[in-house]
Amino acid sequence: GDFAIELDTVVIGSGPGGYVAAIRAAQMGQKVTIVEKGNIGGVCLNVGCIPSKALISAGHHYQDAMHSETFGVTAENVVLDFAKTQEWKDNKVVKTLTKGVEGLLKKNKVEILRGEAYFNDEHTMRVMGETAAQTYSFNNAIIATGSRPIEIKGFKFGKRVIDSTGGLALSEVPKKLVVVGGGYIGSELAGAYANLGAEVTILEGSPSIMPTFEKDMIKFVTNNFAKKGVTIETSAMAKEAVETEDGVTVKYEVNGTEKSIDADYVMVTVGRRPNTDELGLEQAGVELNDRGLVTVDEQGRTSVKNIFAIGDIVPGAALAHKASYEAKVAAEAISGKKVAVDYKAMPAVAFTDPELAVVGLTLAEAKEKGLDVKASKFPLAGNGRALSLNATEGFVRLVTTKEDGVLVGAQIAGVSASDVIAEIGLAIEAGMVAEDIALTIHAHPSLAETVMDASELALGLPIHM
Ligand code: FAD
């Protein structure tokens, strides 16, 4: 039948944006339905953050098993059973988490609808299930349809030309892997496969890999890639991939010189595009910007007042924690709470070797904003825990105002930077000054002590420098 089933709040997509929005909206007393055409958990849990970190972790274990001579540990016949690695990643990591999220949705009485949503207008949508379509009317909608890999000219995805999803699903470690695009996704997977034994070449169009991070941070990653034998070709324009019987030839150009390289696989990670093109948004009256992203206000409200958008389909960094943060704001806004997004303490992390993590402003960005600031940089080499981990590469840098020491940003390169950055995010969020951190007792020995040391440096009272 074509009568519309009435819904209260409908969430489209179950990634870190959608599932969090659904749970929070339910907690706020809304009756919530979530529509998902693929797997619960979206990109992040199924083919993004989580499986990539699992492979990165496996790569570290493999390397450590082979190279722990420094600690007096040697091992013979270290074997990598990659089928087992993949089985662990899929069944013990990804499945555990996605089942967990499904359980959380059910616990919060969120109805799960399997199918593809398409707007008819601002109050109705159709959901195409596997066999039938059904029309629904709704009071409010939160769109969290995420993004997908960009395919570039000459690199049609196939058996040997793969995107990050294909890169995560390989059944063998390639002998030779070419990665086109040295952003954080490409660099993370390049590092993982290099650690798992692949000979890796990164082709990057700009003069540097991961150009969104500062030079003195990237340096540690490029040095580490060099140590692993990873080749980085910068200012390299990828031209074409030609699949051969048992591999692929990648043609590219560097400063006008044509080059080519043979590999088992070429993985293209040059960026992602928002899933806003096949949703019927124009029928609902939801406006997009010139990049195909949904324009939203500070609550995530689109140009249509009962429709919200969050995550990779709205402007800003395409990161899971941003999606989840916006999810909570949108769900609460629908319930009438006075909320608004504030990204000033939003971290960004690259899980490379070593990890790079940033939050807030760099020194240059703060100065551009007219702030009178200074940077205080404490090296990991001065930290006992880092030394005992044999991981002294990197630093913690705090950016603080000169006059009162207010924390406005931080950059960390080094082991566990992804965790150490959290404390600084909290400090920025709470409007703290360097003295607050310096007066906080940090457990010894810990990597987090480097944040205290950098704060003492900002105060002009460094103990360990
Ligand atoms: P998604 O997670 O993309 O979810 C969207 C969901 O909507 C999908 O499940 C899709 O099937 C569904 N959908 C789409 N259209 C429809 C429709 N019409 N009807 C019904 N359902 C629909 N971010 C980090 O913060 N940290 C990391 O370490 C990290 N690592 C990454 C590694 C890789 C390899 C990749 C690719 C990404 C990584 N990201 C990471 C980015 C992160 O995955 C995304 O920012 C995040 O998943 C965005 O969440 P989302 O909820 O906006 O959308």
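These legends go with several views of a predicted model.

**View 1. The whole chain, with its 14 helices and 22 strands.** The radius of gyration is 24 Å, close to the 23 Å that the globule rule gives for 465 residues, so the chain is as compact as a globular protein of that length. Along the principal axes, its C-alpha atoms fill a box of roughly 70 × 65 × 45 Å. Buried residues make up 48% of the 465 residues. Of the contacts with a separation of 6 or more, 65% link residues 24 or more positions apart.

**View 2. Helix 1 (residues 18-27) and its surroundings.** Here is a helix worth a slow look. Nine of its 10 residues are buried, so helix 1 is largely enclosed by the rest of the structure. If you would like to find them, the buried residues are G18, Y19, V20, A21, A22, I23, R24, A25 and A26. They pack against three helices and three strands that you can pick out in turn: helix 2, helix 4 (82-107) and helix 9, together with strand 1 (5-12), strand 2 and strand 6 (133-143). Just after helix 1 comes G29, with a positive phi of about 100 degrees.

**View 3. The largest nonpolar core, centred here on A21.** This core has 147 residues, and A21, A22 and V266 are those with the most contacts inside it. Helix 9 (residues 320-334) gives the most to the core, with nine residues. Zoom in on A21 and, leaving aside its neighbours within four places in sequence, you will find it in contact with V11, I142, A144, I310, A327, A330 and A331.

**View 4. The shell around the ligand.** The ligand is surrounded by 35 residues, and the closest are G13, G15, G42, G146 and G311. By type, the shell divides into 15 nonpolar, 16 polar and four charged residues. At least two shell residues come from each of strand 2 (32-36), helix 2 (42-47), helix 3 (49-66), strand 4 (116-121) and helix 9. Helix 9 may be familiar from the previous view, where it gives nine residues to the core.

**View 5. The hairpin of strand 13 and strand 14.** Strand 13 (residues 248-254) and strand 14 (residues 257-263) run antiparallel and are joined by seven bridges. To get your bearings, start at Y252, whose bridge partner in strand 14 is K259. Then follow the chain to the turn, where two residues lie between the strands. One residue to look for in the turn is N255, which has a positive phi of about 45 degrees.

Methods:
Residues numbered from 1 in each chain as written. Predicted model: local features only at pLDDT ≥ 70, side-chain atom pairs only at ≥ 80, totals over all residues. Pairing = 2+ DSSP bridges. Helix = DSSP H or I, 4+ residues; strand = E, 2+ residues; numbered from the N terminus. Core = buried A, V, L, I, M, F, W, Y, C linked by C-beta atoms within 7 Å. Buried ≥ 20, exposed ≤ 12 C-beta atoms within 10 Å, placed from the backbone. Contact = placed C-beta atoms within 7 Å. Rg over C-alpha atoms; globule rule 2.2 N^0.38 Å. Near = placed C-beta within 6 Å. Nonpolar A, V, L, I, M, F, W, Y, C, P; charged D, E, K, R; others polar.
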